[in-house]
Number of protein chains: 4
Amino acid sequence: MDEATGAQLIAESLKAQKVEYMFGIVGVPVIEVAMAAQAAGIKYVGMRNEQAVEACRLYSKFSARPSSLEAIPSVIEKAVRTSMYGRPGACYVDIAGDMVNTVREVCFSCRVVSCCPPPPVSLADHGAITEAISVLKAAKRPLVIIGKGAACGRAEIALRQFVETSCLPFLPTPMGKGLLPDDHPNCVAAARSRALLQADVVLLLGARLNWILHFGLPPRFDPDVKVIQVDLCAEEMGNNVRPAVALLGDINAIVTQLLTCVRKDGWKYPSDTEWWNTLKDKIAANAKISKALALQSTLPMNYYTVFHHVSQLLPHDCIIVSEGANTMDIGRTMLNNYLPRHRLDAGTFGTMGVGLGFAIAAAAVEKSENKGQRVVCVEGDSAFGFSGMEVETMCRYNLPVVIIVVNNNGIYSGVDPETWKEMAKMGDLTSVAPPVTLLPEARYDEIMTAFGGRGFLVRTVEELRSALQLSLSDWEKPSLLNVLIDPSSDRKQQEFPWLTRSNL
Amino acid sequence: MDEATGAQLIAESLKAQKVEYMFGIVGVPVIEVAMAAQAAGIKYVGMRNEQAVEACRLYSKFSARPSSLEAIPSVIEKAVRTSMYGRPGACYVDIAGDMVNTVREVCFSCRVVSCCPPPPVSLADHGAITEAISVLKAAKRPLVIIGKGAACGRAEIALRQFVETSCLPFLPTPMGKGLLPDDHPNCVAAARSRALLQADVVLLLGARLNWILHFGLPPRFDPDVKVIQVDLCAEEMGNNVRPAVALLGDINAIVTQLLTCVRKDGWKYPSDTEWWNTLKDKIAANAKISKALALQSTLPMNYYTVFHHVSQLLPHDCIIVSEGANTMDIGRTMLNNYLPRHRLDAGTFGTMGVGLGFAIAAAAVEKSENKGQRVVCVEGDSAFGFSGMEVETMCRYNLPVVIIVVNNNGIYSGVDPETWKEMAKMGDLTSVAPPVTLLPEARYDEIMTAFGGRGFLVRTVEELRSALQLSLSDWEKPSLLNVLIDPSSDRKQQEFPWLTRSNL
Amino acid sequence: MDEATGAQLIAESLKAQKVEYMFGIVGVPVIEVAMAAQAAGIKYVGMRNEQAVEACRLYSKFSARPSSLEAIPSVIEKAVRTSMYGRPGACYVDIAGDMVNTVREVCFSCRVVSCCPPPPVSLADHGAITEAISVLKAAKRPLVIIGKGAACGRAEIALRQFVETSCLPFLPTPMGKGLLPDDHPNCVAAARSRALLQADVVLLLGARLNWILHFGLPPRFDPDVKVIQVDLCAEEMGNNVRPAVALLGDINAIVTQLLTCVRKDGWKYPSDTEWWNTLKDKIAANAKISKALALQSTLPMNYYTVFHHVSQLLPHDCIIVSEGANTMDIGRTMLNNYLPRHRLDAGTFGTMGVGLGFAIAAAAVEKSENKGQRVVCVEGDSAFGFSGMEVETMCRYNLPVVIIVVNNNGIYSGVDPETWKEMAKMGDLTSVAPPVTLLPEARYDEIMTAFGGRGFLVRTVEELRSALQLSLSDWEKPSLLNVLIDPSSDRKQQEFPWLTRSNL
Amino acid sequence: MDEATGAQLIAESLKAQKVEYMFGIVGVPVIEVAMAAQAAGIKYVGMRNEQAVEACRLYSKFSARPSSLEAIPSVIEKAVRTSMYGRPGACYVDIAGDMVNTVREVCFSCRVVSCCPPPPVSLADHGAITEAISVLKAAKRPLVIIGKGAACGRAEIALRQFVETSCLPFLPTPMGKGLLPDDHPNCVAAARSRALLQADVVLLLGARLNWILHFGLPPRFDPDVKVIQVDLCAEEMGNNVRPAVALLGDINAIVTQLLTCVRKDGWKYPSDTEWWNTLKDKIAANAKISKALALQSTLPMNYYTVFHHVSQLLPHDCIIVSEGANTMDIGRTMLNNYLPRHRLDAGTFGTMGVGLGFAIAAAAVEKSENKGQRVVCVEGDSAFGFSGMEVETMCRYNLPVVIIVVNNNGIYSGVDPETWKEMAKMGDLTSVAPPVTLLPEARYDEIMTAFGGRGFLVRTVEELRSALQLSLSDWEKPSLLNVLIDPSSDRKQQEFPWLTRSNL
């Protein structure tokens with residue numbers, strides 16, 4: 001028998017589940033939990049903002065409130081386990097404040113529950129695999145779509161072998177980027193709209209047919225497209241589109257099953273088809289347009305110019321975090337990923353404000369594992385405002401994140417300083433300024449210098465390249481590049497009006 | 001293009017999903033939906049009671065409120081599909097009242113979504129199967145537990161072959177009864193407590209380690225028991241007990257995988273082990289005690305006598321519905337099932353009031369499919385009170401359900417008429433009657449005759465046998481046997497006090 | 001210091017709040033609470049059905065879960081107090097099961113919280129009162145509407161003086177019936193539709209402008225009607241109709257304020273106005289029609305005949321409980337109330353199944369207070385089905401409730417036995433019977449005799465009168481009159497089609 | 001008939017309810033609503049952060065989702081009305097995204113609902129007033145507590161007359177500050193603990209007995225204290241303490257009733273009582289201690305020094321916004337308010353992050369009404385971090401807010417730069433830095449200069465006074481004073497350890 005406070009039990013239970021980091025904002029009685037966590041060897045990162053607690057219960061996969069001190073270890077084990085088993089998701093454990101400082105004699109052997117094992121793995125039914133292969137073989141215009149589920153399932157090795165053995169064209173979703181490198185010859189991301197629209201068979205690997213994939217429906221998809229849906233969640237099967245074949249199970253295991261079949265009979269999709277020609281022509285045409293935009297030398301710069309140069313300088317193994325509207329959309333197409341799970345963005349719900357938190361978490365892990373990978377955070381100026389104060393957190397812990405704020409003075413698009421002054425003369429800005437506008441040329445770089453990091457105001461290609469190179473070479477502290485671009489550099493207002501996402 | 005009301009769209013969408021029965025209570029505007037359902041060929045069963053609508057949202061696996069008439073077919077498809085895919089569960093679709101009578105031109109092709117296919121099937125990982133087999137082979141005291149998940153997964157054929165090939169002892173949970181017949185030589189249900197307590201390896205097939213299985217923990221289980229957990233729900237794995245092996249996937253498919261392995265190497269668990277001897281001795285001892293109780297000739301009868309004779313007369317293919325406290329518990333052990341999915345009871349939460357509704361649903365299906373199977377509903381007297389008015393529904397539709405009310409004048413246990421009269425003399429019964437007492441010798445049989453069914457007041461073995469034989473021979477209308485038993489016939493008050501569930 | 005179990009603390013806390021009755025269904029661990037309540041002198045009434053527990057939290061004014069045994073008394077005090085202060089409403093206290101049997105040393109002085117005092121009273125602002133009086137004086141066609149709030153506020157004495165001093169016509173809402181007797185010369189309920197439609201000033205006393213009052217809007221109200229709204233809930237003011245004057249406070253206090261004003265200057269509304277003539281003419285015309293219907297001698301009887309005779313025989317001080325569709329609607333107009341708070345019906349939401357519970361509660365109170373008042377429960381046959389098993393509860397406790405089931409073989413309207421037989425020949429009744437039909441001539445009276453009460457099958461006026469007289473003379477046990485009426489006796493299908501609520 | 005989009009209907013409905021300001025963050029489809037609001041003459045303030053939308057439903061007094069375009073005006077009227085009637089509170093209207101751009105022909109007359117009138121007013125019962133006066137007269141140690149309810153009820157004129165006529169001592173709660181000036185001779189705030197502990201009668205005006213008032217219970221209150229509770233919410237009466245007299249109604253009206261009584265009989269509480277002597281002695285003693293702390297000349301400064309000088313320089317009519325832990329607590333006692341409703345702080349729940357939003361709202365109103373009042377925002381450094389990016393909003397709209405960040409390098413208390421450097425040498429700061437620490441001497445002032453406002457780094461009294469004077473003289477833009485104080489300047493660590501709130 002042994003004495004423990006609630007805070008100690010919480011800390012020990014988390015440690016037993018191999019939790020390594022805790023993020024939070026202390027207050028009474030969270031201080032005691034944070035201190036107990038540090039004492040137990042968990043790293044604690046103090047943040048600057050948090051959202052309403054009770055509310056997250058709504059968005060959690062599992063929530064519980066231990067009814068006694070003794071229940072804490074098993075509730076925490078269940079929360080950690082549930083967050084990883086099946087489709088991953090956040091869990092919420094609500095511990096009554098007065099439990100934290102309660103001291104209780106606890107039977108030593110019951111104090112902790114040992115760490116839960118990795119999730120169990122299941123395979124697809126053999127008959128369904130055979131059917132899927134036969135649908136694939138009959139396809140004229142096949143397409144592999146790689147989703148977040150494939151990344152969570154760590155399917156990259158099998159997947160690369162499958163794509164290279166079968167010679168199929170593939171397209172990653174935002175969170176599926178990097179399982180295969182974005183510059184892989186079979187990647188058709190640069191012809192995304194065309195590929196989606198004309199594919200007759202889609203092998204959908206752990207991706208949901210939600211708005212990001214236009215629900216799998218016309219006018220963005222062929223109404224007769226056959227979908228081979230691969231997912232570990234039975235309830236996901238058939239959402240929005242009825243699959244021709246449903247392969248239920250672990251994505252990595254199923255890709256391996258498919259690979260085995262393809263290898264066995266030596267089938268591959270020919271490289272000289274009309275489909276490949278169509279896709280390659282489109283890729284080339286789009287590349288030309290992007291390049292033309294990227295090489296425009298007028299100032300202020302446009303999005304394409306910025307991303308072109310950033311893309312050239314980023315190390316292939318960096319972790320890219322991104323949020324914003326145009327910044328995230330255009331950046332997604334122009335910034336390549338080469339490694340799996342090296343991209344974090346605002347996700348399905350486009351939640352603004354998550355970027356800096358993601359970057360801090362990634363950088364804290366990187367710092368402690370010391371693998372030599374950089375975290376680069378590409379933010380729209382409005383998105384940066386949601387949690388900009390977290391740069392103090394980065395500076396406090398010496399996390400060498402590179403933040404690139406692509407600053408167009410507004411949400412979607414702002415105005416230049418001259419126009420702003422004219423508007424101010426017209427009357428009260430709350431009445432006359434368009435709701436999308438922010439203060440022109442705001443010095444977000446000085447937020448970084450205020451806390452001892454490096455800040456750069458960037459107006460030209462040269463400034464951009466030099467600031468980024470300097471930032472990447474500094475492993476001691478964070479940097480922020482405040483990149484001023486043309487506030488009218490909205491994709492919708494360009495001379496190539498057809499160059500929006502829907503026609504790319 | 002074509003015109004349809006909301007009610008018609010609902011009815012057609014349900015029909016398209018192969019829904020055959022609708023149960024409800026009409027009111028404005030449910031009348032229109034019920035009539036449209038009948039017009040579409042769906043059978044409508046009007047009930048007498050229902051529970052708060054909004055509330056069931058809390059207990060539903062999926063709930064939605066279509067935002068337009070056009071969305072109804074796909075929402076209904078998703079609700080039906082979700083109710084069957086993954087772990088089955090109720091779904092809730094809330095349709096705004098004013099939509100029901102709205103007439104809208106609807107594109108003919110969009111009017112319905114075709115019926116969703118059967119759920120996809122997944123297999124367990126081969127390595128995990130091998131490991132499971134090796135754990136099984138090393139077991140000294142193995143036990144197979146057959147749960148509701150095996151019934152839902154329709155695993156009975158593979159399961160029988162597996163049990164008979166491997167020669168393992170098995171135990172069904174309440175809803176797992178009948179996958180193998182209860183009188184199968186390998187069934188150790190009559191030594192349940194002993195089997196659970198001493199097993200060193202448990203093969204858990206689609207059963208949850210909840211209170212019904214004593215959470216899989218001491219003092220009812222060996223603290224070192226190794227569990228091979230088979231489930232189609234990843235999040236269920238490891239609840240309460242960490243499994244030695246987790247086999248994730250379709251139960252039928254996994255049992256088939258296990259069977260293949262066992263067949264391949266010809267392994268079987270020997271029939272002459274100490275374990276089998278222990279179990280068989282215990283079964284014989286318990287049988288003797290039950291028989292002694294069953295053959296007691298004092299009146300009023302006790303539970304064991306009643307169930308002994310009922311058990312002798314019930315056809316092997318009947319569907320047994322049951323609810324109550326002692327009635328359900330003792331009945332569960334004494335009434336055999338011989339076919340899968342032929343038992344419906346109050347389930348995990350012991351929800352009283354579900355029995356008659358279950359019986360009506362089962363009888364309506366039986367009546368229309370005409371397979372010659374009877375529905376027998378075994379109810380405690382208190383349980384019957386929750387929805388007793390539904391006998392009018394049975395009479396109205398001529399559903400030949402046989403209801404057996406095991407009447408002990410109370411909840412858990414009541415008092416005899418003499419005691420009741422004495423209490424009434426002592427003062428206001430709301431002050432002096434124990435909260436568990438109900439009116440002694442209440443004539444529940446007359447509830448049935450009030451609506452034209454057959455009612456029997458039963459006090460003796462002869463009356464019981466004759467009434468039950470008569471009821472089973474009548475295929476035209478329902479019957480109710482009001483079986484008066486000793487109100488003190490509580491297991492806890494018997495001369496064999498150790499004969500409670502915990503020691504059986 | 002003293003020892004107490006959780007159950008005892010609950011019971012003592014309720015007793016301290018002067019709770020006299022507890023209603024419930026026992027199960028583990030409610031038994032202990034019920035027994036402790038009886039030991040503390042609270043009467044316990046065991047019921048036969050209950051609705052989902054957790055769900056009622058949604059409909060509660062206050063809900064709480066005490067976090068410790070010590071918190072129980074103050075949480076119960078707060079729940080009882082909140083249920084009565086401000087607008088009355090149900091409260092929900094959820095006590096963890098394992099607290100019930102916990103024994104704890106409790107400081108004697110903290111064990112209970114003394115009974116909360118009656119709700120505080122507030123008055124309307126004097127200026128608003130003056131304005132209200134001046135609006136009333138300027139009215140050509142004034143109308144007083146008496147709502148449930150006036151009944152809860154016990155405003156009957158002041159209200160009668162106000163109506164009789166001011167000589168204004170008044171109209172009660174269903175729950176406002178009886179504050180002044182329904183046969184008061186100023187009552188214009190028999191010209192309800194006309195009164196609502198043509199009033200130019202409405203004095204609304206504790207009534208909500210919901211669907212029961214047609215939201216106070218055209219076409220059922222004059223678009224220019226001026227409403228003087230009297231309510232104790234500020235947030236109710238202005239719902240649906242903007243009041244000309246809002247009088248916030250205790251209804252009894254405000255009516256007294258109005259009375260004082262009216263008395264001071266001696267104003268009264270003249271009795272010879274065109275408005276009074278219109279209303280009186282309409283009352284006479286409607287009375288003639290109702291009487292003609294009531295005196296029809298064809299069999300089966302119609303609603304009006306039944307209610308006409310019931311009305312003649314009911315004692316003026318009886319408590320009328322009612323639920324159903326037509327039964328409740330027509331009964332509301334034809335069964336007079338003469339005393340305040342002597343009517344209980346299905347209320348704003350038309351919740352079916354509440355009637356028998358209301359009747360049991362009223363009869364239990366009446367039995368113990370012995371004031372010589374009868375409880376009469378007027379039920380539609382479908383409504384009776386929701387909780388018909390509660391007649392066992394009435395019989396068990398010898399509660400002399402008189403239940404009148406107005407039986408038209410269905411919901412809204414059923415069919416006669418001949419038609420039913422014809423339908424049965426046409427095929428499976430689940431396919432051919434209209435969803436509104438129930439079993440024709442079901443013997444609900446035998447539900448009563450099954451438990452030892454008196455049952456009557458009633459087809460004629462003579463049978464009705466004799467059965468009702470007999471039932472009213474029996475003070476020892478409950479009775480049920482199963483009154484068979486013409487199943488097509490729907491108001492909508494009569495020869496006077498304009499005699500529906502909307503035109504009355 | 002007329003055409004309108006949903007966005008226009010929303011804007012017009014808000015304008016009709018006299019809504020003057022809208023705060024938000026645009027995104028699709030909020031842009032259209034913001035633009036329509038500006039077109040309708042509503043000022044739009046674009047913010048930088050917002051909290052989860054759906055979640056606020058939980059904390060709202062009323063929430064609704066209009067089911068059609070036509071319902072928008074009345075739902076908005078109800079939301080605005082409900083937010084002001086009864087106890088004020090936030091309301092939530094959730095409008096489906098696709099409604100915003102829907103164009104519909106709308107009947108012109110139905111387009112808007114006119115502005116709801118001010119809340120109705122009710123008075124306390126005369127008998128209760130008489131009783132309250134008699135309890136007050138019998139008091140030996142009376143105390144008036146002025147709460148937020150008195151501020152919302154705009155009771156200041158009547159209240160000042162009442163206090164000055166009755167000569168009673170008074171104490172404001174945080175949100176009741178300024179109804180009477182904090183330097184009023186009857187104010188006993190500087191002897192708060194003593195006044196609460198020894199009062200025998202408390203006149204509680206619109207204040208809740210929650211944790212801020214120590215629940216009205218021992219050891220902070222006399223167990224026999226008599227409370228005269230004045231509130232407009234019946235359900236608040238009796239929470240935590242049973243009132244001797246409950247006065248329900250509008251606070252201003254009730255104070256006027258009390259004043260009338262007191263004036264009529266000329267009663268006043270004598271100025272030479274032992275109670276007044278006790279209070280005055282305590283006030284003098286506490287003033288001496290505070291002054292001693294305030295005049296300490298060591299550097300870094302302590303809280304008392306900072307607030308002493310700030311207090312001297314702030315104009316009496318300024319609006320003080322405050323949040324933080326020690327900063328808010330100590331500032332509350334040392335920064336006087338002289339006008340009602342001129343203080344906004346983190347309130348009952350201590351919600352961090354609200355300060356800058358409050359300041360922006362107050363400054364926007366002040367700017368447009370041009371009354372010459374300044375908004376001063378006093379923030380702890382941790383509190384500032386929750387929404388520090390909103391300084392961009394202040395700069396964008398030229399709102400001349402003065403922000404004073406009282407910076408102790410942490411939450412509750414941080415460490416000095418030297419200590420921080422030592423810790424950094426000890427290892428990874430996530431492991432070694434106490435969870436309460438933030439980056440020492442962080443330059444929050446540069447956040448302000450980054451957006452064009454004035455920033456000051458303040459270390460001494462001279463710098464503090466000069467920066468504040470300069471800031472207050474600038475009416476064109478915001479300023480931020482980053483006041484570095486002794487990181488160990490926690491009240492708990494001072495040489496006067498008894499000088500905490502609990503003993504003051």
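## The contact of chain D with chain A

The contact takes 43 residues from chain D and 43 residues from chain A. The model behind these values is predicted. Several elements of chain D each supply at least two residues to the side that touches chain A. Near the start of the numbering of elements these are helix H2 (30-39), strand S3 (43-46) and helix H3 (53-56) of chain D. The others are helices H14 (355-369), H15 (381-387), H16 (391-396), H18 (429-432) and H19 (444-450) of chain D. By class, the side of chain D that touches chain A has 24 nonpolar residues. Eleven polar and eight charged residues complete that side.

How does chain D superpose on chain A? A rotation of 180° does it, with 0.0 Å of shift along its axis. The RMSD is 0.1 Å. The same surface serves both copies. Of the contact residues of chain D, 100% recur in chain A.

## The contact of chain A with chain B

Chain A also touches chain B. Here the contact takes 21 residues from chain A and 21 residues from chain B. On chain A, the elements that give two or more residues are helix H4 (72-84), strand S7 (122-124) and strand S12 (245-248). S7(A) gives the most to this side, with three residues. The side of chain A that touches chain B divides into 13 nonpolar, five polar and three charged residues.

S7(A) pairs with its counterpart across the contact. The partner is strand S7 (residues 122-124) of chain B. The two strands pair in the antiparallel sense, over three bridges. Leu123(A) stands opposite Leu123(B) in S7(B). In general, strands of a sheet pair through backbone hydrogen bonds, either parallel or antiparallel.

## The axis between chains A and B

A turn of 180° and a shift of 0.1 Å along the axis lay chain A on chain B, with an RMSD of 0.1 Å. That is the relation of a two-fold axis. Which C-alpha of chain A is nearest the axis? It is that of Leu123(A), 2.4 Å from the axis. Leu123(A) is also the residue that stands opposite Leu123(B).

Of the interface residues of chain A, 100% are also interface residues in chain B, so the copies meet through the same surface.

## The parallel sheet of chain B

Chain B holds an open sheet of five strands. The order is S9-S8-S10-S11-S12, with parallel pairing. Strand S9 (170-172) and strand S12 (245-248) of chain B stand at the edges. Each has a single partner strand, so one side of each is left without a neighbour in the sheet. Neighbouring strands of this sheet are turned by 15° against each other on average, direction ignored.

At the S9 edge, strand S8 (residues 142-146) of chain B runs parallel to S9(B), joined by three bridges. Val144(B) stands opposite Phe170(B) in S9(B). Helix H6 (residues 126-137) of chain B lies across S8, strand S10 (201-205), strand S11 (226-231) and S12 of chain B. H6(B) runs at about 135° to S12(B).

## Helices H6 and H10 in chain A

Two packed helices are described by the angle between their axes and the distance between the axes. Helix H6 (residues 126-137) and helix H10 (residues 251-265) of chain A pack at an angle of about 60°. Their axes lie 10 Å apart. That makes H6(A) oblique to H10(A). The crossing is right-handed.

H6(A) contributes Ile129(A), Ala132(A) and Ile133(A) to the contact. H10(A) contributes Gln257(A), Leu258(A), Cys261(A) and Val262(A). By class, the residues of this contact are six nonpolar, one polar and no charged.

## Helices H8 and H10 in chain D

In chain D, helix H8 (residues 156-166) packs on helix H10 (residues 251-265) at an angle of about 30°. Their axes are 9 Å apart. H8(D) and H10(D) are therefore roughly parallel to each other. H8(D) passes H10(D) in a left-handed crossing.

Which residues of H8(D) meet H10(D)? They are Ala158(D), Leu159(D), Gln161(D), Phe162(D), Thr165(D) and Ser166(D). Facing them in H10(D) are Asn252(D), Val255(D), Thr256(D), Leu258(D), Leu259(D), Val262(D) and Arg263(D). The residues of this contact divide into seven nonpolar, five polar and one charged.

Notes. Residues numbered from 1 in each chain as written. Chains lettered and ligands numbered in written order. Predicted model: local features only at pLDDT ≥ 70, side-chain atom pairs only at ≥ 80, totals over all residues. Contact = placed C-beta atoms within 7 Å. Helix = DSSP H or I, 4+ residues; strand = E, 2+ residues; numbered from the N terminus. Nonpolar A, V, L, I, M, F, W, Y, C, P; charged D, E, K, R; others polar. Pairing = 2+ DSSP bridges. Least-squares fit on C-alpha atoms with pLDDT ≥ 70 in both. Axes fitted to C-alpha atoms, helices over the stretch in contact; angles between N-to-C directions. Parallel < 35°, antiparallel > 145°, perpendicular 65-115°, else oblique. Left-handed = near helix turned anticlockwise from the far one by under 90°.
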